[in-house]
Amino acid sequence: MSYNRINGHLLKKAIIHAAYVLRQNKKVVDALNVFPVPDGDTGTNMSLTMDQAAGELQKLQSDELKKVVDTAAWGSLMGARGNSGVILSQLFRGFSQSISSNKQSISPLEFAQAFKSGVDSAYRAVIRPVEGTILTVAREMADKMLADSRKIDDMEKIFANALSYGEKILAKTPEMLKVLKEAKVVDAGGKGLIFLMQGFLEALENPDLTESALEQKAEKTDAFEFRDAEDTIKFTYCTELFIRGRDIDLDLLKQELSDLGDSIIVTGMEGVAKIHIHSNHPGEVMETALKWGELSNIKVDNMKIQHRELIKKQETDVSHDVEDMHQPQKTEKKTGIVAVSQGQGLKDIFISLGADDVIEGGQTMNPSTENILSAIEKEPFENVIILPNNKNIIMTAEQVKLISKKNIYVLPTRSVPQGIAALLAFNPMLSIDDNLAGMSQNIKNVVTGEVTYAVRDSQWNGTKIKQGDVIGIKDGQLIVVERDKEKVLLALIDEMVRGKEYGIITIYYGQNVDASSIQNISDELSAKYANFDIEYYNGGQSLYYYIVSVE
Amino acid sequence: MKNIIKNSLGEIEISREVIALLAGNAAMECYGLVGMVSRKMSDGITELLGRENLGKGVEVQLTDDKLVIDLYIIVQYGTKINEVASNVIEKVHFNLKNILGFDPDKINVVVQGIRIK
């Protein structure tokens with residue numbers, strides 16, 4: 001049958017059937033499960049997730065499209081088990097969010113867009129998407145669907161195309177994820193998704209299936225897939241080799257190999273080609289290769305045996321070499337951070353938050369350009385961000401830019417709390433521009449207060465300040481003058497939290513403050529600002545009794 | 001101590017930081033976790049930690065007979081939080097057992113925040 005729209009009734013049926021097909025094949029999927037934890041339950045988890053979605057759909061009286069997708073999203077969320085189950089629920093969630101409530105049916109393009117939105121939502125829920133998993137398979141299928149739906153107006157055809165494309169991608173997952181390659185399996189979650197899609201397609205192809213026919217059809221799938229399950233591997237031998245020769249035509253070589261097996265990868269550079277192929281005739285592979293040049297590094301593995309061993313291994317719960325489960329990651333940090341602060345406590349805080357170096361300096365003891373420069377030159381990084389943490393040092397830091405050959409970025413932090421806030425926004429995985437943007441944003445959210453003493457007599461707004469008076473400064477503005485530093489702190493915080501209902505008050509106390517006075521005010525503060533989290537750190541700075549931040 | 005492995009030639013001691021980093025890395029591979037939060041500033045500045053600083057979102061309590069690991073995480077709004085957290089526990093347990101040969105007595109996950117986006 002050919003459609004150009006899918007309505008709620010059909011979608012409901014298709015999801016229920018998809019869940020059914022997956023349930024029948026969950027053991028196949030279980031057997032593939034080596035990532036992230038080889039506990040052989042991916043299929044079971046996915047199936048339980050889908051079962052709940054299907055169960056909720058069966059209970060649903062309405063055939064209204066929006067209700068159907070929302071119910072599926074809700075059911076899969078409630079039923080979500082395991083990593084892949086949670087991913088599935090996100091796919092449904094994104095899908096349902098993309099469907100507006102007045103729609104009665106959707107076109108292939110709308111379907112593809114909804115699927116894509118599901119994929120986006122699944123990707124958003126993870127800081128480090130691991131490629132070569134269900135995520136990859138889903139994304140590629142969604143992209144394929146999107147591309148096709150602009151050309152073809154037949155849901156079934158689009159779906160069939162996406163499915164076969166998805167299978168191709170699935171076959172490539174071992175190339176993307178080392179642990180899969182070593183276990184000689186494709187990704188379990190991806191395989192589960194393929195089963196779901198198969199079920200979905202079956203329901204599209206034959207929407208008139210009654211429930212019992214659905215059962216039968218599904219059982220057939222089951223029997224077939226199970227035979228397949230005993231060895232999901234159609235080709236027994238994984239063959240890899242190098243060819244050394246001149247003028248190797250990689251495309252032609254690939255074509256010659258294409259009849260001999262699947263999972264073919266032919267790569268090469270000048271004078272050398274590498275072949276990877278799954279085949280039942282490794283000898284023929286070598287014969288074909290021999291035509292092009294000299295062979296070396298020949299490796300033939302029996303994947304059936306390896307697969308059996310893998311399953312045995314899983315059953316006896318023998319551990320795998322987990323180090324290899326980690327994908328190679330770019331851990332190289334390209335950006336260094338140099339902060340300026342004063343006092344051992346603050347220095348420790350900066351270092352613990354990821355600063356590479358801390359230059360001693362602050363009010364009345366500005367580091368010289370030379371100080372900053374030498375700190376920067378020590379860094380092994382090309383890019384260095386400077387956090388001056390004082391307005392008088394910003395200028396000095398800017399000078400360094402002119403002298404150093406490195407790429408220097410000065411983030412104009414005017415206080416220690418701003419510096420800390422900026423540092424928290426730093427993510428070595430991001431580009432320097434993104435980092436600078438994020439860090440600058442964080443600086444704006446911080447209110448800084450400083451409690452210090454007057455070094456000489458002066459006057460401010462008609463108030464006389466005597467030498468030795470304690471003064472409270474909020475973002476560079478003098479707020480309060482008192483004799484007692486705790487009183488100043490309290491008044492200052494009062495001013496800083498004005499207009500805020502909740503937040504975080506962080507107090508860095510200096511070297512001239514003893515622990516008992518902290519104890520005294522801490523009780524008072526927690527009683528007074530019940531909605532705020534209050535934190536104390538020994539900053540160890542001189543000059544300032546207290547540095548306070550409110551966020 | 002629980003972090004010492006003895007063999008006939010001597011002892012291997014694994015520092016807390018290593019344990020924390022391994023646990024943090026394992027957790028990051030879990031789906032649904034969008035970040036880890038510093039435990040140091042735990043109650044306050046809840047900010048995502050970059051990769052470099054993962055260990056800070058992990059607290060390792062180590063005594064003579066116990067190894068307890070606390071992870072401070074942020075998850076995505078709309079995921080099943082208990083499931084994401086139990087995936088994290090499983091994965092961390094698995095990795096520590098396999099890489100270090102340690103069997104943590106307890107792995108606690110503290111969900112410090114949810115990201116809504």
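**Figure 1. Burial and element order in chain B of the predicted model.** Of the 117 residues in chain B, 55% are buried. The chain holds two helices and six strands, and read from the N terminus its elements follow the order β-β-α-β-β-β-α-β. Among contacts in chain B with a separation of 6 or more, 65% are between residues 24 or more positions apart.

**Figure 2. Surroundings of I19(B) in helix α1 of chain B.** Helix α1 of chain B covers residues 16-28 and includes I19(B). With a relative accessible area of 0%, I19(B) falls under the 20% limit and is therefore buried. Setting aside neighbours within four places in sequence, I19(B) contacts N3(B), I14(B), V60(B), L67(B), I69(B), L96(B), L100(B) and F102(B). One of these partners, F102(B), is 83 residues from I19(B) along the chain, and the two C-alpha atoms are 9.5 Å apart.

**Figure 3. The largest nonpolar core, with L11(A) and its contacts.** This core has 102 residues, and the members that touch the most others are L11(A), F111(A) and L71(B). Helix α10 of chain A (residues 188-205) supplies the largest share, ten residues. Not counting residues up to four places away in sequence, L11(A) touches I6(A), L65(A), V68(A), V69(A), F95(A), F111(A) and F200(A). Another core, of 26 residues, lies apart from the largest one; its members include L411(A), A422(A), M439(A) and I547(A).

**Figure 4. Helix α3 of chain A and the helices that cover it.** Helix α3 of chain A comprises 18 residues, 42-59. The distance from its first C-alpha to its last is 26 Å, close to the 26 Å expected at 1.5 Å a residue. Buried positions in α3(A) are T42(A), G43(A), N45(A), M46(A), S47(A), T49(A), M50(A), A53(A), A54(A), E56(A) and L57(A). In an α-helix, residues three or four places apart point the same way, because there are 3.6 residues a turn. The cover over the buried residues of α3(A) includes α1 (8-24), α2 (26-32), α4 (65-79), α5 (82-98), α7 (134-149) and α10 of chain A.

**Figure 5. The four-stranded parallel sheet β8-β7-β9-β10 of chain A.** The sheet is open, and its strands pair in parallel. Strands β8 (357-360) and β10 (407-410) of chain A form the edges, each with pairing on one side only. From one strand to the next, the twist averages 25°. Strand β7 (residues 335-341) and strand β9 (residues 383-387) of chain A run parallel and are joined by five bridges. I337(A) has I385(A), in β9(A), as its bridge partner. Helix α16 of chain A (residues 369-378) lies across β7, β8, β9 and β10 of chain A. The angle between α16 and β8(A) is about 165°.

**Figure 6. Polar contacts of S279(A) in strand β5 of chain A.** S279(A) belongs to strand β5, which spans residues 272-279 of chain A. Its relative accessibility is 0%, so S279(A) counts as buried. The side chain of S279(A) reaches two backbone atoms: the oxygen of L260(A) at 3.0 Å and the nitrogen of H281(A) at 2.8 Å. Leaving out residues up to four places away in sequence, S279(A) touches F235(A), T236(A), Y237(A), L260(A), G261(A) and V285(A). L260(A) thus appears both as a touching residue and as the owner of the backbone oxygen reached by the S279(A) side chain.

**Figure 7. Positive phi at K184(A) and N389(A).** Most residues other than glycine have a negative phi. K184(A) is not a glycine, yet its phi is positive, about 55°. K184(A) sits in the loop between α9 (178-183) and α10 of chain A. Its relative accessible area is 18%; the limit for burial is under 20%, so K184(A) is buried. N389(A), also not a glycine, has a positive phi of about 60°. The loop that holds N389(A) runs between β9 and α17 (391-403) of chain A. N389(A) has a relative accessible area of 6% and is therefore buried.

Note on methods:
Residues numbered from 1 in each chain as written. Chains lettered and ligands numbered in written order. Predicted model: local features only at pLDDT ≥ 70, side-chain atom pairs only at ≥ 80, totals over all residues. Heavy atoms only, no water. Pairing = 2+ DSSP bridges. Axes fitted to C-alpha atoms, helices over the stretch in contact; angles between N-to-C directions. Contact = heavy atoms within 4.5 Å. Buried < 20%, exposed > 50% of the residue type's maximum accessible area, 1.4 Å probe, protein only. Polar contact = N/O pair within 3.5 Å; in protein donor to acceptor, adjacent residues only side chain to side chain. Core = buried A, V, L, I, M, F, W, Y, C linked by side-chain atoms within 4.5 Å. Expected span 1.5 Å × (residues − 1).
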